[in-house]
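Work through the exercises below with the sequence and the 3D view at hand. Each task is followed by a solution in steps.

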Amino acid sequence: MRFTRHVASPALLSCLFLAGCSSVPLGTSDPSSSGAAESGAPGGARPIAVGAGPQKKYAVQRQPAAGSCHYRYEKGEPLEDPQCTPGAISPAVTQTNLKSTICRKGGYTSGVRPSTYITGKEKKLNATSYGFTGSMRDAEYDHLISLQLGGDPNDYRNLWVEPADPGHKKGSGVNNAKDPVETKLHTAVCAGKVTLARAQQAIVTDWTTALAKLGLN
């Protein structure tokens, strides 16, 4: 499909994409300006945006406009809308510092994860973005690129309301098939079986095929 390029100001583009253009911003950080740089991508794949990284104090991020995001499904498993949730990585995690970040003993994610006070508000807003009407208790506010794979902690491009898996017992809480995929990728990265960039790219493309694509299943 051919697209015609139209020139528009950054402010107009941001206003068209993000909810709350006529209201007071929910957070002090502007998602449209964070992570201007992009990470290098293996094999000519689409580069992944770089977010702001871990913050001492997180702010509630504005989300895409209500109803503008649409789930995709692969064999019944929910996938994110790549236009609304393309993923974003943390500049604090690189291939050269894995041992001191995501692979360090004692853990990494708890020290960079935003509080539930922040993510709880974002989750409700993002559910509106995706038109999600299911049980919020069973839905996960998921980092598309997980924190244990160097995903950005609070960039709106890396977070989405992930519905429960097919056959999930209603009211039983969050238990998604994506979580063990993330753990296996993390183990492989820390063992040197796959590079950080390849793991990040695989899960951004399609988490349901990430392990097979990297020969890890």
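**Exercise 1.** Locate Ala66 in the chain of this predicted model, decide whether Ala66 is buried or exposed, and find its contacts beyond its neighbours within four places in sequence.

Solution.
- Step 1. Ala66 sits in the loop between β1 and β2.
- Step 2. The relative accessibility of Ala66 is 58%. The cut-off for exposed is over 50%, so Ala66 counts as exposed.
- Step 3. With neighbours within four places set aside, Ala66 is in contact with Thr128 and Ser129.
- Step 4. Ala66 and Thr128 are 62 residues apart in sequence, yet their C-alpha atoms are 5.1 Å apart in space.

**Exercise 2.** Count the disulfides and describe the one formed by Cys69.

Solution.
- Step 1. A pair of cysteine sulfur atoms within 2.5 Å is taken as a disulfide. By this rule there are 2 disulfides.
- Step 2. Cys69 pairs with Cys84, and their sulfur atoms are 2.2 Å apart.
- Step 3. This pair links distant parts of the chain, 15 residues apart: Cys69 is in the loop between β1 (49-50) and β2 (72-74), and Cys84 is in the loop between β3 (77-79) and β4 (88-89).
- Step 4. The torsion about the S-S bond of Cys69 and Cys84 is about -100°, so this disulfide is left-handed.
- Step 5. Buried means under 20% relative accessible area. Cys69 has 2% and is buried; Cys84 has 4% and is buried as well.

**Exercise 3.** Describe the disulfide formed by Cys103, and write the pairing of the bonded cysteines in sequence order.

Solution.
- Step 1. The partner of Cys103 is Cys190, with the sulfur atoms 2.0 Å apart.
- Step 2. Cys103 lies in the loop between β4 and α2, while Cys190 lies in helix α3 (residues 178-190), so the disulfide ties together parts that are 87 residues apart in sequence.
- Step 3. The S-S torsion of Cys103 and Cys190 is about -90°, so this disulfide is left-handed.
- Step 4. Cys103 is partly exposed, with a relative accessible area of 22%. Cys190 is partly exposed too, at 34%.
- Step 5. When the bonded cysteines are numbered in sequence order, the pairing reads 1-2, 3-4.

**Exercise 4.** Find where Lys75 lies and state the sign of its phi.

Solution.
- Step 1. Lys75 belongs to the loop between β2 and β3.
- Step 2. Its relative accessibility is 81%, so Lys75 counts as exposed.
- Step 3. Phi of Lys75 is near 55°, which is positive in a residue other than glycine.
- Step 4. For comparison, most residues other than glycine have a negative phi.

**Exercise 5.** Is helix α4 largely enclosed or not, and what covers its buried residues?

Solution.
- Step 1. The buried residues of α4 are Leu196, Ala199, Gln200, Gln201, Ala202, Ile203 and Val204.
- Step 2. These are 7 of the 10 residues of α4 (residues 196-205), so the helix is largely enclosed by the rest of the structure.
- Step 3. The cover over the buried residues of α4 includes β4, α3 and α5.
- Step 4. Lys213 is in helix α5 (residues 210-213). Not counting residues up to four places away in sequence, Lys213 touches Arg198 and Thr205.
- Step 5. Lys213 and Ala202 are 11 residues apart in sequence, with 7.1 Å between their C-alpha atoms.

**Exercise 6.** Describe the second largest pocket by its volume and its lining.

Solution.
- Step 1. The volume of the second largest pocket is about 290 Å³.
- Step 2. Its lining has 15 residues; Arg113, Glu140, Tyr141, Asp142 and His143 lie nearest the centre.
- Step 3. α2 (116-130) and β5 (140-143) each supply at least two of the lining residues.
- Step 4. The lining divides into 3 nonpolar, 7 polar and 5 charged residues.

**Exercise 7.** Summarise the whole chain: its elements, their order and its buried share.

Solution.
- Step 1. The chain has 5 helices and 6 strands.
- Step 2. From the N terminus on, they run α-β-β-β-β-α-β-β-α-α-α.
- Step 3. Of the 217 residues in the chain, 45% are buried.
- Step 4. The chain exposes about 11,700 Å², with 55% of it supplied by carbon and sulfur atoms.
- Step 5. Among contacts between residues at least 6 apart in sequence, 72% join residues at least 24 apart.

Terms used
Residues are numbered from 1 along each chain as its sequence is written. This is a predicted model: local features need pLDDT of at least 70, side-chain atom pairs count only at pLDDT 80 or more; totals for chains, interfaces and linings use all residues. Side-chain values use heavy atoms; hydrogens and water are left out. On a 1 Å grid over the protein atoms alone, a cavity is a set of points where a 1.4 Å probe fits but cannot get out, and a pocket is an open set with protein on both sides within 12 Å along at least five of seven lines; lining residues have an atom within 4 Å of a point. Grid points are joined across faces, edges and corners, and a volume is the space filled by probe spheres set on the points. Helices (H or I, at least four residues) and strands (E, at least two) are DSSP runs, numbered from the N terminus. Ala, Val, Leu, Ile, Met, Phe, Trp, Tyr, Cys and Pro count as nonpolar, Asp, Glu, Lys and Arg as charged, and the others, Gly among them, as polar. Buried means under 20% relative accessible area, exposed over 50%, partly exposed in between (1.4 Å probe, protein chains only). Contact means heavy atoms within 4.5 Å. Accessible areas come from the Shrake-Rupley method with a 1.4 Å probe; for residues, only the protein chains shown count as cover.
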